[in-house]
Each structure stands twice: as C-alpha cells, then as structure tokens.
Amino acid sequence: MESDNAYKTLLRISKEKNFDLLEKYLQESQPVKINLSSLPLVEYLSSVIVSQQVSTKAAKTIWSRVHPIISADINYQNLETELHSAGLSQSKASYVIGLINNSNLSSLQRSDLKELSNIEFENLLLANKGIGPWSVQMTKIFYLGDTDVMPINDLGIKHAHEYFFSEHKMSEKFYEPFRPWRTYLTLLMWKSLS
C-alpha cells in the first residue's frame, strides 16, 4: 500500500541521515493517508482561498457558511454581499467569484487535471486571482493526490522543520532525499504540530 511504502521509506531515510527526532516521531506514529477532497474543482479552490492566512478552526467555520452559498443555485446579484456576510474579506469574496465565473475551471474533471504537466497545471491555477504557489501545492496534495509535494513556505512546515531539523537550513534541496514521498512527510510534519 502506498502509505505504508512511504512510511517505511521515510523511516529508512531518517535512520540513514541520523534525523533522530524524525525517526523517533515516525516510530511513535502510524502511516498517514492523503485524504482527497470530493468537492468539484471550483468549490475546492474556493475552500483553499477561505483557508488562506486564517487558523484551521476559523477556516472551517467560515467555509461552513460559504459552501452552501456557492454550491446552491447562485444568486449572482447578491453573491458578493452574501460571501462578505459569511465572513470573507472583500478580496477573498472577489477571488471566489472569479473562480465561479471561470467556465474553463468548472468544466474540468480531476482526470483532465491529472493529464496536465506540472507547469500546465500550475499555470492553469495561477491564472486565477487569489491562487498562489501555496494554493497550487494544497491542490496537488488534496485534490490530485500528488505524493511528492513539500510546501516549504507553509508556516506549519516551517515550525515542524525548526523542531525536526533545527541544525539544517530549510530549502528545497534539503528535502530532495525524501522524494517521491514528500507529501507524506508534509502530512506527518503537520500532524506533529497538534
């Protein structure tokens, strides 16, 4: 099973590289799974925008108010006002409306996205206001199930890196040895924070 292979490989690498804290944490943990979103792409991307720069708890609360608005028959006349009253800032509301109005995005299925190259996928998403590199990485993990994503600019990952690898500078190069299972390392690093 993929998650078991990833776990065993991460454990082996942590032993080989003398990453004692990571090795200890892995030995006390269970393999993790990548939980894919079941939402349509536009709704998923909207949820990512909602979760930007807010706590997980706040994001869940706001999303519970925003999702019914965007998943129902949308009243375009009041959409911005409704999103704003659901807890979105002016800019986030306009980003979500931009996604909803992007007919190219709403016509794409997950299988279509998996056929795109990394660059094509990134360009498709980055062409939308409010979607940056972090949002692309979250979509690769939780929408496509990409096993090899390391969001080194994520605040949680930075905190976990300071704990597990304090004597090593954080960089893309540092995480190269963990390929092709960097997403699983990411999930474990996030989990270690709770």
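What follows is a walk through the fold, the salt bridges, one helix pair and the aromatic rings of a predicted model.

The ground rules come first. Residues are numbered from 1 along each chain as its sequence is written, and side-chain values use heavy atoms, with hydrogens and water left out. As the model is a prediction, local features need pLDDT of at least 70 and side-chain atom pairs count only at pLDDT 80 or more, while totals for chains, interfaces and linings use all residues.

On the overall fold, the protein has 13 helices and zero strands; here helices (H or I, at least four residues) and strands (E, at least two) are DSSP runs, numbered from the N terminus. Reading along the sequence gives the pattern α-α-α-α-α-α-α-α-α-α-α-α-α. Along the principal axes, the C-alpha atoms fill a box of roughly 60 × 35 × 30 Å. Of the 194 residues, 45% count as buried, where buried means under 20% relative accessible area, exposed over 50%, and partly exposed in between (1.4 Å probe, protein chains only). Take the contacts (heavy atoms within 4.5 Å) between residues at least 6 apart in sequence: 63% of them join residues at least 24 apart.

Now for the charged side chains. Side chains of opposite charge can pair when their charged atoms come close. With a salt bridge taken as a side-chain nitrogen of Lys or Arg within 4 Å of a carboxyl oxygen of Asp or Glu, the count comes to eight. One of them joins Arg12 to Glu16, at 3.1 Å from N to O. Both residues sit in helix α1 (residues 2–16), four residues apart, or about one turn of the helix. Arg12 counts as partly exposed because its relative accessibility is 43%, and Glu16 counts as exposed because its value is 53%.

Further along the chain, Arg182 has salt bridges to two glutamates: Glu172, at 3.8 Å from N to O, and Glu176, at 4.0 Å from N to O. The pair of Glu172 and Arg182 links distant parts of the chain, with Glu172 in helix α12 (residues 172–175) and Arg182 in helix α13 (residues 182–192), 10 residues apart. Arg182 has just 5% relative accessibility, so Arg182 counts as buried. Its partners are another matter: Glu172, at 40%, counts as partly exposed, and Glu176 is partly exposed with a relative accessible area of 33%. Salt bridges that share partners join Asp148, Glu172, Glu176, Arg179 and Arg182 into one network.

Helix α13 also meets helix α2 (residues 20–27). The axes of α2 and α13 come within 11 Å and cross at roughly 85°; axes are lines fitted to C-alpha atoms, for helices over the stretch in contact, and angles run from 0 to 180 degrees between N-to-C directions. The two helices are therefore roughly perpendicular to each other, going by a scale on which angles under 35 degrees count as roughly parallel, over 145 as roughly antiparallel, 65 to 115 as roughly perpendicular and the rest as oblique. On the α2 side, Leu22, Tyr25 and Leu26 take part, and they meet Leu185, Leu188, Lys191 and Ser192 of α13. These residues divide into five nonpolar, one polar and one charged, with Ala, Val, Leu, Ile, Met, Phe, Trp, Tyr, Cys and Pro counted as nonpolar, Asp, Glu, Lys and Arg as charged, and the others, Gly among them, as polar.

Last come the rings. Rings of Phe, Tyr and Trp (its six-membered ring) pair if their centres lie within 6.5 Å; planes under 30 degrees apart count as stacked, over 60 as edge-to-face and the rest as tilted. Searching the whole structure turns up 14 aromatic pairs. Phe19 and Phe178 have ring centres 6.1 Å apart and planes at 25°, so this pair is stacked. Phe19 is in the loop between α1 and α2 and Phe178 in the loop between α12 and α13, 159 residues apart. Both Phe19 and Phe178 are buried. Phe178 also pairs with Phe165, with centres 6.3 Å apart and planes at 50°, so that pair is tilted. Phe165 is buried too. Ring pairs link Phe19, Tyr25, Tyr163, Phe164, Phe165, Phe174, Tyr175 and Phe178 into a cluster.
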